[in-house]
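User: I'm new to this structure and would love a close look at one part of it, the nonpolar interior. Could you walk me through what you find there?

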Amino acid sequence: MKELHTGDFYWNTFDTTPSHWPTLEQSLTTKVLIVGGGISGLLMAYTLQEQGIDFVLLEGDQIAEGSSLASTGLLQYCNDIMLHELRSTIGREKADIYYRYCYLALDWLKRIASTLQKHVGDAHFYPRTSMQYCSSEEDIIKLQQEYEALLSLDLPCELWGSQQIEQHFPFSKGTALITHGDAEVNPYLFVLQLAKYLTKKDCHLYEKSLVCDHERLSNGKYQVTVNNVHNVECEYIVYAIGYQPKQLHQPFFHSALNRTYVIVTNPVDDLTSWYENYMLWETARPYLYLRTTIDSRIIVGGLDENIQTPNHNNASVDAHNNTLLAELRKLFPEYDLQIDYSWNATFAETADQLPYLGVDPADEHIMYILGYGGNGTVSSMLGAELLTNIISGSGDMNDLAEIVKLDR
């Protein structure tokens with residue numbers, strides 16, 4: 001398995017009870033096989049279960065221990081590529097469809113979090129507002145254009161000038177785009193709670209169960225070999241394997257693997273100057289992104305690099321972490337801050353900054369949820385709903401399928 005991250009993680013400090021799932025020890029038959037036990041695989045499993053569709057989920061390592069552990073848990077309907085920019089690249093109709101679906105995905109995620117809260121426990125999922133501020137005066141026009149684009153779709157947003165920003169925060173920026181309807185989550189807990197919920201529903205989840213190969217049988221179904229020992233026979237295979245390109249059925253898609261850095265501070269005694277715990281990000285690319293936590297810490301990420309592997313050089317990691325801390329102190333100079341946790345991790349971006357969600361162009365029974373980009377959880381939610389609709393024979397979401405298809 002490819003190494004995805006390294007460091008001292010924060011999210012798993014909240015789950016102190018052992019959470020393990022069995023290894024596959026027998027051959028099985030099912031309708032859908034999900035390969036991957038992170039956020040994409042578990043959301044796919046949840047939507048299938050809701051529709052009463054039989055499935056088996058296989059994770060080659062441990063459930064929730066992949067890229068979900070390194071996510072910062074900012075869930076936003078806006079994307080790394082702004083709506084008005086996306087309109088210029090794929091056309092207004094398609095761009096508008098995509099952004100509307102991203103907004104819907106936040107509602108779907110909120111409903112799932114509510115179900116988990118009721119039946120298995122808290123995943124630290126909270127509705128939030130986001131603020132994207134201009135990194136330079138040149139970006140003011142860009143934010144104004146984006147505000148007008150979002151407003152044309154009746155998506156909830158505001159445009160703040162410098163005075164409004166200064167009234168709500170201890171720093172000044174030329175302009176900021178405020179978007180309502182977003183959320184934050186502990187991504188690790190969210191995946192674990194999904195797995196626990198599905199286990200209570202008697203669903204079949206297995207970890208330490210590595211898919212080695214698959215072949216098409218004479219009856220039209222597929223046989224997948226697991227740990228070089230057991231087989232799973234199925235009608236559909238969904239690859240939800242994140243940034244593990246060697247596990248993909250076909251060559252790695254048109255995407256680039258990059259590296260990002262994250263720090264988590266000590267608890268801050270008084271966060272009242274951080275207005276309503278807004279999630280913050282900027283217009284610069286690569287961008288700085290910030291949020292607060294349930295125990296009054298601050299998470300800061302950024303300094304993305306075009307490097308595929310995690311950074312193990314302590315001096316280099318310390319330099320990056322201190323840079324993130326210095327950027328935070330520029331925004332909130334009154335806070336007494338130190339770094340309690342930090343990590344760096346691999347993530348993927350596509351050339352058009354959209355995820356790959358859909359069926360294999362050569363075989364409609366092989367499917368993928370590859371939520372690449374800065375909005376992976378939202379993309380994974382879209383992928384889970386889209387593929388479940390395809391498997392169930394529904395024609396819903398065909399408009400989205402055309403936008404995020406693998407052979408676009």
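Analyst: Phe190 is a good place to start: in this predicted model, and leaving aside neighbours within four places in sequence, Phe190 is in contact with Ile39, Leu43, Leu109, Ile112, Ala113, Leu116, Ala123, Phe125 and Val185. Phe190 also belongs to the largest nonpolar core, which has 93 residues. Together with Tyr98, Tyr99 and Trp343, Phe190 is one of the residues with the most contacts inside that core. Helix 3 gives the most to this core, contributing 13 residues. There is also a second, separate core of 26 residues, with Met131, Ile263, Tyr278 and Leu288 among them.

Let's stay with helix 3 for a moment. Helix 3 spans residues 92–119, and its axis comes within 9 Å of the axis of helix 8, residues 376–392, with a crossing angle of roughly 90°. Helix 3 is therefore roughly perpendicular to helix 8, since angles of 65 to 115 degrees count that way. On the helix 3 side, the contact is made by Tyr98, Tyr101, Cys102, Ala105, Leu106, Trp108, Leu109 and Ile112. Helix 8 answers with Thr377, Val378, Ser379, Met381, Leu382 and Glu385. By class, this contact has 11 nonpolar, 2 polar and 1 charged residues.

Two of these helix 3 residues, Leu109 and Ile112, bring us back to the start: they take part in the contact with helix 8, and they are also in contact with Phe190. Tyr98 is another link, as it is part of the helix contact and is listed with Phe190 among the core residues with the most contacts.

Notes: Residues are numbered from 1 along each chain as its sequence is written. This is a predicted model: local features need pLDDT of at least 70, side-chain atom pairs count only at pLDDT 80 or more; totals for chains, interfaces and linings use all residues. Side-chain values use heavy atoms; hydrogens and water are left out. Axes are lines fitted to C-alpha atoms, for helices over the stretch in contact, and angles run from 0 to 180 degrees between N-to-C directions. Helices (H or I, at least four residues) and strands (E, at least two) are DSSP runs, numbered from the N terminus. Angles under 35 degrees count as roughly parallel, over 145 as roughly antiparallel, 65 to 115 as roughly perpendicular and the rest as oblique. Contact means heavy atoms within 4.5 Å. Ala, Val, Leu, Ile, Met, Phe, Trp, Tyr, Cys and Pro count as nonpolar, Asp, Glu, Lys and Arg as charged, and the others, Gly among them, as polar. A nonpolar core is a set of buried Ala, Val, Leu, Ile, Met, Phe, Trp, Tyr and Cys residues joined through side-chain atoms within 4.5 Å. Buried means under 20% relative accessible area, exposed over 50%, partly exposed in between (1.4 Å probe, protein chains only).
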